[in-house]
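This report goes through a set of local features, from backbone geometry to ring contacts, strand pairing and internal space.

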Amino acid sequence: MKNCKNAFAAFLCLLLVFAMLPGIGNAADIKLTVPASGVTASADDGNVPANVVDGSLATRWSASGDGQWIQLDLGAAKQVSYIKMAFQSGSTRTFTFDIQTSANGSAFTTAQSGVVSSLNDSLQTFDFPDVSGVRYVRIVGHCNSVSLWNSYTEIEIYGSEPSGVVNVSTSAQLQDAINHASAGTTIVLANGTYTQSSAFVVSGKNGTSGSPITIKAANQGQAIISGGAALQISNSSYVTVEGLKFTNSGKTAVLLDGSNHIRITRNKFALAATGGDLIWLQVSGANSNHNQIDRNDFGNKTDTAPLITYQGDGNGHISQYDVIEYNYFHDVGPWVDNGKETIRLGLSGISLSDGFNTIQYNLFENTDGEPEIVSVKSSNNTVRYNTFKTSQGGVTSRHGHFNSFYGNFFLGDGTEPKEDGIRIYGNDHKIYNNYMEKLTGKAILLDSGDYDGGSSGHPSNPSSSDLAAQWKIYRAQVVNNTIVDSATGIIVGSGKTYAPQDSRVANNIVRNSGGTLYNEAATTNTVFEGNIGYGSTLNNKSRTSAEIWNTNPLFTTVNGLQKLSSSSPAIDYAKGTYSFVTTDMDGETRSVNDAGADERSSATSFANHPLTAAEVGPSAP
C-alpha cells in the first residue's frame, strides 16, 4: 500500500509539472481566429502583415528597426492565455520582442517583455499569465541576434471566450440566444444578415449595472438587421445594443417599450425607404428611464414621421433621465411642412410631464426634414452643446416648461432657406450661450401664443386641443447669445393673440448687415439690458443704450468663429445677475461676464466647439 501511495503521489506531481509547462494553458483554451483583414503593422517591406495568419511557414511579415510592431485583432474581447510564433531563419538567429494586449486598440499593457525565441524554425509557445478583456494583441519587435529585422512567419493566439459569451450566425440562433439571456450574457453576431418577418424580441430580460445583457456585432456594422426584422426591447433593463446595422423596411428599427437603463450605441441606422410614415427609433411605455442613445449614425432618411420619437406611457408621462449624445444625424429630407422631425421629445398630450432628458454633443448636418429639427414637447429637458450645420429648420420648445437651450452652434451657409435657430412657447425657458452664424431664417424667436396656460403653466383640465396649442410665453430668459451675419436677430412676439410676458433679453450680441437686430413684433413688458447690436437697424422700439448699445463688437476670427477681440467693448460689459451663466459657449469659466456667447480668451483650443463627423457616430472616441 505504501508503494501504491508513493506512486500515486508521484503521478500527481507529474500532472502538476505538466500543468506548469509553458503553453499548456487551460483545457478550455482554443486557437482564436484572426482574419487576414484583422492584422495590421507599423510598417512592412512588401512581406505584408496578413502573411502571419495564412497557415504557411513559407511566407512572412518583415519590418526593419527596433520598435516595429504587428497587431492582431480578435474581433471582440477574449481571454488570452498564450501565443505561438515562428520566425524567418529561426534556427540560425534569435528574436527579441514584447507581447502587449489591449481592449480598445489605443491603450496597451505589456503581458511579457524582453521575450527571446529559441533556435527553431517551427512554431514556439510563449506563455504568460492569462489576460481577460483582450481584443488586440500586439508584438513589438526588438530585432534579432544578427540584424535589425523583425521577421515572423506565423502567429497564433490561444485563449477562450469570456464567460457568458454566445456566438450566433443565424436569425434563429439570435432569437434563441436572446430568449435564454441573463445578466452578464454577451450575444455576438457574426458578419451577415439577420432577417425574419417579425421583430427580434427582448422581453422581460434584466441585466445589472455591472453585468448588462449585451447584443453586439462581432465587427462593427457587419451584422445587418434587414427585411421585416427589427429589435423590440420590452419590460427589460440593463441591455446594451452595439455595432449593428439596421436596414430593415416597414417598421421601427429599435423600439424601447417600458424599459430602463437601455443603451443603444455605435449602430448604423439606414432604413429602407417606404414612401410613407416610418419612425426609426421609438421610446415609450411605463417605467422608461435612464436610457442612453449614443454614438450612432442616422441617415439618409426620406420617409415622413420622426427619426427618433418619445411617445410616452399612455398616461401622460414621458421617459425620464434619458441621454441622446454623440450621434451623427444627417441627410434628412425632402422638406415637409410638418411631421419629419429628427428628434421629437414628447407629444402635446404629455407636454406637462417632466422628462429631465438631455440632448447633447450631437451633429445635425443637412437635416432638412421640416421646421423643427429638434421638437421638445415635454418639460424640464436640456438641449446643449450640439452642432446644427447647413440644416433647414431649428430647435423648438413646442410644448412644455422649464427647458434649457445652451452652448449650441447653429451654422448656416447664408443661402439655403429656412435655416433657423431657436423658437419657444411655454413658461420659464432659458436660452443662453448659443452661437448662430449665417442663418437665413429666424435666429431666436420668442413667439406669441394662441393659448394662455397661465403663469403657473398648469391650468386645470386642459383639453387635448389646449395641449396642442402654442402656449403663451412666461418668464423666458434669453441671455448671452451671439448672432452674426444672419437674416434676423432676436424677435419678441408675433401677430398671435398672447404676447410673451415677464421675459428678459440680456447681454446678447447681434451683428448683422440687414434686417432688424432686436425686433419687438408685439408690445410686451420684456426687460432688455446689456445687449449689443451693430450693422443694421437696431430695433423697432425706443430702447436706451443701456438696453441695446449700438456699437461694433469688434470680433476676430478664431477657428472659423466670430469671437471677441482683445479690444472689444463687449468685454466685462454684461449687466444684471443671471446665476445660471457660469461658463461660455466654449465651456470656459466666466468671471466678470462679457456680453455675447463668448468670454474673451487667448486660447485657441476649446472643450466645446462645433463638432465634426469624426467626433460623433460609431467611430467616435
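Proline 334 sits in the loop between β26 (328-332) and β27 (343-346). In this predicted model, the peptide bond joining glycine 333 and proline 334 is cis, with omega about 5°. A second cis bond runs from glycine 299 to asparagine 300, with omega near 0°. Asparagine 300 belongs to the loop between β23 (297-298) and β24 (308-312). As background, most peptide bonds are trans, and most residues other than glycine have a negative phi.

Two asparagines depart from the second of these tendencies. Asparagine 380, although not a glycine, has a positive phi of about 55°. Its place is the loop between β30 (372-377) and β31 (382-384). With a relative accessible area of 25%, asparagine 380 is partly exposed, because that class covers values between 20% and 50%. Asparagine 461, likewise not a glycine, has a positive phi of about 50° and is placed in the loop between β39 and α3. Its relative accessible area is 74%, so asparagine 461 counts as exposed.

**Ring contacts**

The count of aromatic pairs comes to 26. One of them joins tyrosine 406 and tyrosine 432 in a stacked arrangement. Tyrosine 406 lies in strand β34 (residues 404-406) and tyrosine 432 in strand β37 (residues 430-432), so this pair ties together parts that are 26 residues apart in sequence. Both of these tyrosines are buried.

Tyrosine 451 and tryptophan 471 make a tilted pair, because their planes stand at 50°, and tilted covers angles from 30 to 60 degrees. Tyrosine 451 is in the loop between β39 (444-446) and α3 (464-467), and tryptophan 471 in the loop between α3 and β40 (477-479), so the contact ties together parts that are 20 residues apart in sequence. Tyrosine 451 and tryptophan 471 are buried as well.

| Aromatic pair | Centre to centre | Angle between planes | Class |
|---|---|---|---|
| Tyrosine 406 and tyrosine 432 | 4.7 Å | 15° | stacked |
| Tyrosine 451 and tryptophan 471 | 5.1 Å | 50° | tilted |

Ring pairs also link Phe246, Phe269, Phe298, Phe329, Phe364, Phe388 and Phe410 into a cluster. Charged groups meet rings too. The charged end of arginine 138 sits over the ring of phenylalanine 108, 4.0 Å from its centre. The charged end of lysine 430 sits over the ring of phenylalanine 580, at 5.3 Å from the ring centre.

**Strands**

Strand β16 (residues 237-242) pairs in the parallel sense with strand β13 (residues 213-217) over four bridges, and with strand β19 (residues 260-265), also in the parallel sense, over five bridges. On the β13 side, isoleucine 213 stands opposite valine 239 in β16. On the β19 side, serine 237 stands opposite asparagine 260.

Glycine 159 is found in strand β8 (residues 149-160). Its relative accessible area is 0%, so glycine 159 is buried. From glycine 159 to leucine 255 there are 96 residues in sequence and 36 Å in space, C-alpha to C-alpha.

**Internal space**

Rolling a probe the size of a water molecule over the atoms shows where empty space is left. The structure holds three cavities of 30 Å³ or more. The largest cavity contains about 50 Å³ of space. Its lining consists of Val558, Lys563, Leu564, Asp598, Glu599, Arg600, Ser601, Ala603 and Phe606. These lining residues divide into four nonpolar, one polar and four charged.

Definitions and conventions. Residues numbered from 1 in each chain as written. Predicted model: local features only at pLDDT ≥ 70, side-chain atom pairs only at ≥ 80, totals over all residues. Heavy atoms only, no water. Helix = DSSP H or I, 4+ residues; strand = E, 2+ residues; numbered from the N terminus. Buried < 20%, exposed > 50% of the residue type's maximum accessible area, 1.4 Å probe, protein only. 1 Å grid on protein atoms, 1.4 Å probe; cavity = no way out; pocket = protein on both sides within 12 Å on 5 of 7 lines; lining within 4 Å. Points joined across faces, edges and corners; volume = space filled by probe spheres on them. Nonpolar A, V, L, I, M, F, W, Y, C, P; charged D, E, K, R; others polar. Pairing = 2+ DSSP bridges. Phe/Tyr/Trp six-rings, centres within 6.5 Å; stacked < 30°, edge-to-face > 60°. Lys NZ or Arg CZ within 6 Å of the ring centre and 35° of its normal.
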